Amino acid sequence: MVKPSYTKDDIRKIAKDENVKFLRLMFTDLYGVIKNVEVPISQLDKLLDNKLMFDGSSIDGFVRIEESDMWLYPDLSTWMIFPWGNEHGKVARIICEVYNADRTPFVGDPRNNLIRVLSEMRKLGFTEFNIGPEPEFFLFKLDPQTGKPTTDLNDKGSYFDLAPVDLGENCRRDIVLELENMGFDVEASHHEVAPGQHEIDFKYADALHACDNIQTFKLVVKTVARKHGLHATFMPKPLDRINGSGMHINMSLFDKNGNAFFDENDNMELSEKARYFLGGLLKHARSFTAITNPTVNSYKRLVPGYEAPVYVAWSGRNRSPLVRVPIARGLSTRLELRSVDPSANPYLAIASILEAGLDGLRNKIEPPKPVDRNIYVMDKEERESNGITDLPSTLHNALKALEKDDVIAKSMGPHLYQSFLEGKRLEWEAYRQEVSQWERDQYLELY
């Protein structure tokens, strides 16, 4: 998805020619939830001149009531007209950065934070960090009476199935069409392994706009699904005993010479920089898992037997390790991190992944040897002898690992780090106090 370069006058002209009546000013809160302020088109000039304010005290992880007034600065490259809502004129969206009342960038804005980490990357001589995400989601039926989501699946299909088994086919096709109308370059669309589970892959982009694309993608998927009487969820593991939803992240660093991960003279055609970056990823994997898998439910996906990675290792061949090196080389040389799930705040997740890789580059961290066997069939002693460790098994353990890692804490900055830890500790405590049906089934009669 190539980002166009718009001027203020371009946007004014397009808004007039396309009969845009409303502007949706979008940004993302601490937990990755899309927020928006909707204003009439009469406010366009005010927006373009960075003169629109909003109340930041009502947004999770932002500011206190006494410092609530904040500015919205639009990123003109994110101007996009939604292909729906024409009955009262069209609606356009623009993604904004959040600024303090004194016109300084707000450090609690996850997008601003990623911009900061990307600027550190550029100081090391790299020009781009390209990201190709692979988000998965489930489609559930809506209750016709209440309009609320059920846990009734809309199909019984499996990997790459087609209609009539895959009843989500029409919905998925409409999602693809809407995405293409909005400028996405959709590369693949298919049914995933679990019933009701789908994946749509779109072309890589630079890290910042890739995160924007993920957020836009989620909005489109949910909007189109509802038109089909379905609820789309990016919850990592909505049902037990079937595969959960991941969001594999394909990544590559570029410098003035091209893809910095490629070296045609290496036996795997991986550069020294790629190996150091990989070393950083593996070293900090347990710590950034709290950010890339940020919910209690995330850890119901990260269990053996359902294709999600559980072990910290890498390979150029098999898909059981945490990091895989896809076979493509040249400009397409990349690393694929397989643990990330779509409940993650993409701006925070990508910042933490990049910071881990940059630490590998700064400190020349060598990765261990690749593991080309199926790790799931190894016993504990065999894994330990190969230097393979486990990812955290709960959000609580992931948060403990995060607290011990200054590099990953730095990827968030003090404001976001403290707010994130505080919020996630509360989430874990609330979960700990709940008694599940499984516990009642297991213990009520037995004891």
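# Cavities, pockets and helix packing

The largest share of the lining of the largest cavity, three residues, comes from strand 1. This cavity belongs to a predicted model, and it is one of two cavities of 30 Å³ or more that the structure holds. Strand 1, which covers residues 20-28, is joined by strand 6, residues 90-99, in that each of these strands supplies at least two residues of the lining. The space inside the largest cavity comes to about 60 Å³, and the residues around that space are M26, F27, T28, I34, I95, C96, D109, R111, Q215 and Y347. Sorted by class, this lining consists of six nonpolar, two polar and two charged residues.

The second largest cavity has a volume of about 30 Å³, and its lining is made up of V312, A313, P368, K369, V371, N386, G387 and I388. Here the classes divide into five nonpolar residues, two polar residues and one charged residue.

From the cavities the reader can turn to the pockets. The largest pocket has a volume of about 830 Å³, and 41 residues line it, with E134, H248, N250, R324 and E336 lying nearest its centre. Which strand gives the largest share of the lining of this pocket? That strand is strand 7, which provides six residues of the lining. Strand 7 spans residues 126-142, and at least two lining residues are also supplied by each of strand 9 (186-191), strand 10 (197-202) and strand 13 (247-255). The lining of the largest pocket is divided by class into 14 nonpolar, 14 polar and 13 charged residues.

The second largest pocket, with a volume of about 500 Å³, has a lining of 16 residues, and those nearest its centre are D240, K300, Y431, S436 and W438. Two helices, helix 11 (406-432) and helix 12 (437-443), each contribute at least two residues to this lining. By class, the lining of the second largest pocket holds seven nonpolar, two polar and seven charged residues.

The next topic is the way in which helices pack against one another. Two packed helices are described by the angle between their axes and by the distance between those axes. Helix 11, already met at the second largest pocket, packs with helix 3, residues 110-123, at an angle of about 145°, and the axes of the two helices are 10 Å apart. The crossing that helix 3 and helix 11 make is right-handed. On the side of helix 3 the contact is formed by P110, N113, R116, V117 and E120, while on the side of helix 11 it is formed by K410, S411, M412, G413 and L416. The residues of this contact between helix 3 and helix 11 fall into four nonpolar, three polar and three charged.

Helix 3 also packs with helix 8, which runs over residues 346-362, and here the axes come within 9 Å and cross at roughly 20°. Because angles under 35 degrees count as roughly parallel, helix 3 and helix 8 are therefore roughly parallel to each other. Helix 3 passes helix 8 in a crossing that is left-handed. The residues of helix 3 that make this contact are P110, R111, N113, L114, V117, L118, E120 and M121, and their partners in helix 8 are Y347, L348, I350, A351, L354, E355, L358 and R362. In terms of class, the contact of helix 3 with helix 8 is composed of 11 nonpolar residues, one polar residue and four charged residues. R111 and Y347, which take part in this contact, are also among the residues that line the largest cavity.

A further pair consists of helix 6, residues 272-292, and helix 10, residues 395-403, which pack at an angle of about 120° with their axes 7 Å apart. Are these two helices roughly parallel or oblique to each other? Helix 6 and helix 10 are oblique to each other, because this is the description for angles outside the ranges under 35, 65 to 115 and over 145 degrees. The crossing in which helix 6 passes helix 10 is left-handed. Helix 6 enters the contact with R286, S287, T289, A290 and I291, and helix 10 does so with A398, L399, A401 and L402. The contact of helix 6 with helix 10 is made up, by class, of six nonpolar residues, two polar residues and one charged residue.

Methods. Residues are numbered from 1 along each chain as its sequence is written. This is a predicted model: local features need pLDDT of at least 70, side-chain atom pairs count only at pLDDT 80 or more; totals for chains, interfaces and linings use all residues. Side-chain values use heavy atoms; hydrogens and water are left out. Axes are lines fitted to C-alpha atoms, for helices over the stretch in contact, and angles run from 0 to 180 degrees between N-to-C directions. Helices (H or I, at least four residues) and strands (E, at least two) are DSSP runs, numbered from the N terminus. A crossing is left-handed if the near helix is turned anticlockwise from the far one by less than a right angle, and right-handed if clockwise. Contact means heavy atoms within 4.5 Å. Ala, Val, Leu, Ile, Met, Phe, Trp, Tyr, Cys and Pro count as nonpolar, Asp, Glu, Lys and Arg as charged, and the others, Gly among them, as polar. On a 1 Å grid over the protein atoms alone, a cavity is a set of points where a 1.4 Å probe fits but cannot get out, and a pocket is an open set with protein on both sides within 12 Å along at least five of seven lines; lining residues have an atom within 4 Å of a point. Grid points are joined across faces, edges and corners, and a volume is the space filled by probe spheres set on the points.
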